[in-house]
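Here are some exercises to help you find your way around a new structure. Try each task yourself before you read its solution.

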Amino acid sequence: MTARALMILGTASHAGKSILTAGLGRILADEGYRVAPFKAQNMSLNSAATPDGREIGRAQALQAEACRVPACAEMNPVLIKPSSDTGAQIVLLGRVWGQVTAADYHNRRVEDLFPMVLESYHKLASEYEVMLLEGAGSPAEINLRQHDIVNMRMARAANAACLLVGDIDRGGVFASLVGTLELLEPWERALIRGFVINKFRGDQTLLRPG
């Protein structure tokens with residue numbers, strides 16, 4: 001069995017990807033689907049322990065709870081824990097892997113780790129019906145695109161349909177959505193199936209002209 005995949009991308013960090021992923025997980029779980037979260041790479045000091053004592057991002061542990069499944073290291077195979085402005089500790093599959101500089105990680109180490117990321121994903125995809133992938137930051141960070149393993153490269157590997165989330169509280173939500181699309185390559189843009197405007201409140205008629 002290979003799971004169907006849906007990826008939640010954002011126009012920026014804190015656009016609401018993590019909570020939306022958790023919410024969709026709970027909806028799908030309540031509908032009777034076996035669903036699991038997955039984030040290839042997470043940068044956070046907020047971690048959680050899995051039942052077998054491994055360490056993953058707190059968001060993925062929350063998402064697993066929302067999906068009503070036990071959290072496991074494969075749900076967040078690479079956790080980056082910043083230790084300075086230019087360095088970080090890398091946690092691989094729940095265990096400390098090493099200390100790296102930002103430049104070394106992005107230019108070299110990330111490519112070494114990507115095969116283990118794919119192995120983790122395929123393991124989960126063989127056990128669940130639906131995979132909910134979460135991106136990181138924005139998929140349109142063109143300065144980081146070459147070695148980005150958590151956004152569009154992962155979406156293509158999982159053959160995932162993608163939703164792009166923008167936060168209207170930040171202002172300029174339409175520019176953020178359209179600008180993100182414009183900076184994507186054509187094959188990346190083809191994977192975007194819809195948009196979510198997060199945190200909208202008030203009269204919906206004011207939004208419709210957009």
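**Exercise 1. Find how many disulfides the structure holds, and check Cys67 and Cys72.**

Solution. Keep in mind that this is a predicted model. Start with the total: the structure holds 0 disulfides. Next, take Cys67 and look for the nearest cysteine sulfur; that sulfur belongs to Cys72 and lies 11 Å away. A disulfide needs two cysteine sulfur atoms within 2.5 Å, so a pair at 11 Å does not qualify. Turning to Cys72, its nearest cysteine sulfur is that of Cys67, and Cys72 is in no disulfide either. Finally, is Cys67 buried or exposed? Its relative accessibility is 4%, and the cut-off for buried is under 20%, so Cys67 counts as buried.

**Exercise 2. Work out the strand order of the open sheet and name its edge strands.**

Solution. Trace the 5 strands across the sheet: the order is β2-β9-β1-β10-β11, with parallel pairing. Now look for strands that pair on one side only; these edge strands are β2 (35-38) and β11 (192-198). On average, neighbouring strands of this sheet are turned by 20 degrees against each other, direction ignored. Then zoom in on one pair: β2 and β9 (residues 130-134) run parallel and are joined by 4 bridges. Within that pair, Phe38 has Leu133 of β9 opposite.

**Exercise 3. Describe the surroundings of Glu134.**

Solution. First, place the residue: Glu134 belongs to strand β9. Second, check its exposure: the relative accessible area of Glu134 is 2%, so it is buried. Third, look for polar partners of its side chain. The side chain of Ser18 makes a polar contact of 2.7 Å with that of Glu134, and the side chain of Gln63 makes another at 2.8 Å. Fourth, leave aside neighbours within four places in sequence and list other contacts of Glu134; among them are Met7, Ile8, Thr21, Phe38 and Val150.

**Exercise 4. Which strands pair with β6, and in what sense?**

Solution. Begin with β3 (residues 41-43), which pairs with β6 in the parallel sense over 3 bridges. Here Gln41 stands opposite Val78 in β6. Move on to β7 (residues 87-92): this strand runs antiparallel to β6, and 5 bridges join the two. In this pairing, Leu79 faces Val91 of β7 as its opposite residue. Follow the chain from β6 to β7 and you find a hairpin with 4 residues between the strands. To finish, check how covered β6 (residues 78-82) is: 4 of its 5 residues are buried, making the strand mostly covered.

Definitions and conventions. Residues are numbered from 1 along each chain as its sequence is written. This is a predicted model: local features need pLDDT of at least 70, side-chain atom pairs count only at pLDDT 80 or more; totals for chains, interfaces and linings use all residues. Side-chain values use heavy atoms; hydrogens and water are left out. Two strands pair if DSSP finds at least two bridges between them. Axes are lines fitted to C-alpha atoms, for helices over the stretch in contact, and angles run from 0 to 180 degrees between N-to-C directions. Buried means under 20% relative accessible area, exposed over 50%, partly exposed in between (1.4 Å probe, protein chains only). A polar contact is a pair of N or O atoms within 3.5 Å; within protein, one must be able to donate a hydrogen and the other to accept it, and residues adjacent in sequence count only if both atoms are side-chain atoms. Contact means heavy atoms within 4.5 Å.
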